[in-house]
Amino acid sequence: MTEVYNDQYYMSRALKLAARGLWTTDPNPRVGCVIVRDGEIVGEGWHEFAGEPHAEINALQMAKEKAQGATCYVTLEPCCHYGRTPPCTDALIRAGITRVVASTTDPNPIVAKKGLEQLMKAGITVSSGILGAETEQLNPGFFMRMRHNRPYVRSKLAMSLDGRTAMASGESQWITSQEARRDVQALRARSSAVMTGAGTILSDDPRLTVRETELPPFMFMPKRIRQPLRVIMDAHLSTPPDAKVLQEPGNTVIYTVSLNETIRHMLEKAGATVVVLCAVNGELDLHAVCASLANDYHVNELLLETGSTLSGAMLRAQLIDEMVIYVAPLLMGNKARGLFNLPQLERLNQHIPLNITEIRAIGRDWRITAQPVYGSN
C-alpha cells in the first residue's frame, strides 16, 4: 500500500509539471517526469517545446549520477524511436534507472507499449496505469488524433442569458466581459489551431491570434507563446485577400471546394494556404477537413470560434467534443441570433443532451463547460 500511495504522489507531481507545457508543446503531448531515489526527488522536468528535450531528459539532467538505482515517474510511456530527439528509453537505460512508472501507454502506434517492452528487456521494472485518466485529460487532442485521426474539437461560444449570440444585424461586440475575453485568449493559447467560417471573417474580420498582453495571469508563464494555426472554412472562397487574419505572422489555411484559380492565387499571394477538397452537396466535408488537420498539420486541439451555421454543422456531424460557453448577464430578445443552426430538431425527443463538466464564474459572466452526448436518442 505504501508503494501505491507513493506512486500516486509522485505521479501527481509529474502531472503538475506536465501542465507547464499546456501552451507550448504542440504537436507533442504535455509530459512531466519525476525521478526518485531513496524517498527523495533527485530530478524532475517537463517537455517544453517540440524539438527540444523530452521530460525524461530534463529530469535526468537534473538528477545526474543520482539517477543510478532510482525510480522514474513519467506521465506518458517513454519514446523508443528517433524523431527530432533521440529515444528516451536509451537515456533511461544508460542512466541506470531501475524502475519506470508510466501514467499511461503512448497511443502513438510508433511507440504503443514498445517503449515499456524495451525497458523490460534491459532489466528495468515497469508499470503503467497510475492516474492515466488525468494524463488523457491533460492531452485530449493528442489521444484523439492518435486514436481517431482527428483533432479534439472545442467550441467556444458567448451568449446572453436568453441564449443569443448577436443581434439580428450581426452586432455582437461585446456580449461578455473583459475577463471572459482574456479567458478565451488562454483557450487560443492551448489550441493547435483556431477555426472560423468565411461568414465570421466577412462580418467581424478577426485576427484569430493569441495576444499576450491580454492573457490572464498564469501560475506558470512559458518562455514564449506559440501562435495557433488559423483555419478558415470557406467553401466558395469569399475571404478578402486583405482580411486581418492574413496580415498576421504565422500560417492561415483556407479549406474550400471552389476551383476558382484566380481567387485562389490572390489568397495565396496574400499568404494563405488554400486546400481544395471534394464537395459534398456543394459544401465542405467536415470529416475530411478534420482528417486533413490531423494528418497534414498535426492538429491536436481545434478551437472553433464561429457563428451558428458552422457550429451547427459541426454539431450535426458529431465533431464537437466540448463546448465552452460564456454566459453574460443580459437579455438580447427573440430577434437576436441563436447559438447553433439546428433546423432538423423539431421535436423534444430529438434534443442533443449535454454533460456539464464545470461551471465557473469569470468576472461578471459564467463559463459553462459541457460535452455533447451523441447517439443517446
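Select Thr-256 first: leaving aside neighbours within four places in sequence, Thr-256 is in contact (heavy atoms within 4.5 Å) with Asp-234, Ala-235, His-236, Leu-237, Val-274, Val-275, Val-276, Leu-277 and Leu-284. The model on display is predicted, so local features need pLDDT of at least 70 and side-chain atom pairs count only at pLDDT 80 or more, while totals for chains, interfaces and linings use all residues. Residues are numbered from 1 along each chain as its sequence is written, and side-chain values use heavy atoms, with hydrogens and water left out.

**Stop 1: Thr-256 and its strand**

Extend the selection to residues 252–256, which form strand β10, where Thr-256 has its place. Strands here are DSSP runs of E of at least two residues, helices are runs of H or I of at least four, and both are numbered from the N terminus. Thr-256 has 0% relative accessibility and therefore counts as buried; buried means under 20% relative accessible area, exposed over 50%, and partly exposed in between, with a 1.4 Å probe and protein chains only. Next, display Met-233: its C-alpha lies 6.7 Å from that of Thr-256, and 23 residues separate the two in sequence.

**Stop 2: the whole chain**

Zoom out to the full chain, which contains eleven helices and 18 strands. Its radius of gyration is 23 Å, close to the 21 Å that the globule rule gives for 377 residues, so the chain is as compact as a globular protein of that length. That radius is taken over C-alpha atoms, and the globule rule is 2.2 Å times the number of residues to the power 0.38. The C-alpha trace spans about 70 × 45 × 45 Å along its principal axes. Buried residues account for 51% of the 377 residues. Of the contacts between residues at least 6 apart in sequence, 71% join residues at least 24 apart.

**Stop 3: the two domains**

Colour residues 7–137 as domain 1 and residues 149–372 as domain 2; these bounds come from an automatic or database domain assignment. The C-alpha centres of the two domains lie 34 Å apart. At their junction, twelve residues of domain 1 are in contact with 14 residues of domain 2.

**Stop 4: the cavity**

Where does the largest cavity lie with respect to domain 1 and domain 2? Both domains give residues to its lining, so the cavity lies between them. A search of the whole structure finds one cavity of 30 Å³ or more, and the largest cavity holds about 70 Å³ of space. Of its 15 lining residues, Thr-25, Asp-26, Asn-28, Arg-30 and Asn-300 are the closest to the centre. The lining divides into three nonpolar, seven polar and five charged residues.

The terms are as follows. A cavity is a set of points, on a 1 Å grid over the protein atoms alone, where a 1.4 Å probe fits but cannot get out, and lining residues have an atom within 4 Å of a point. Grid points are joined across faces, edges and corners, and a volume is the space filled by probe spheres set on the points. Ala, Val, Leu, Ile, Met, Phe, Trp, Tyr, Cys and Pro count as nonpolar, Asp, Glu, Lys and Arg as charged, and the others, Gly among them, as polar.

**Stop 5: backbone geometry**

Most residues other than glycine have a negative phi, and most peptide bonds are trans. Select Asp-26 and Pro-27, which are joined by a cis peptide bond with omega of about 5 degrees. Pro-27 sits in the loop between α1 (2–18) and β1.

Move to His-298, in the loop between α10 (286–297) and β14 (301–304). Its phi is positive, near 50 degrees, and with a relative accessible area of 38% His-298 is partly exposed. Then select Leu-131, in the loop between β5 (125–128) and α5 (132–138), where phi is near 60 degrees. Leu-131 is partly exposed at 23% relative accessibility.

**Stop 6: helix α2**

Which residues of helix α2 (residues 55–63) are buried? They are Ala-55, Glu-56, Asn-58, Ala-59, Leu-60 and Ala-63. These buried residues pack against β1 (32–37), β2 (40–46), β3 (71–74) and α3 (88–95). Lys-64 follows α2 and has a positive phi, near 55 degrees.

**Stop 7: Pro-329**

Finish at Pro-329, in the loop between β15 (322–328) and β16 (337–338). Leaving aside neighbours within four places in sequence, Pro-329 is in contact with Arg-364 and Asp-365. Display Ser-160 as well: its C-alpha is 6.3 Å from that of Pro-329, although the residues are 169 apart along the chain.

Notes:
On a 1 Å grid over the protein atoms alone, a cavity is a set of points where a 1.4 Å probe fits but cannot get out, and a pocket is an open set with protein on both sides within 12 Å along at least five of seven lines; lining residues have an atom within 4 Å of a point.
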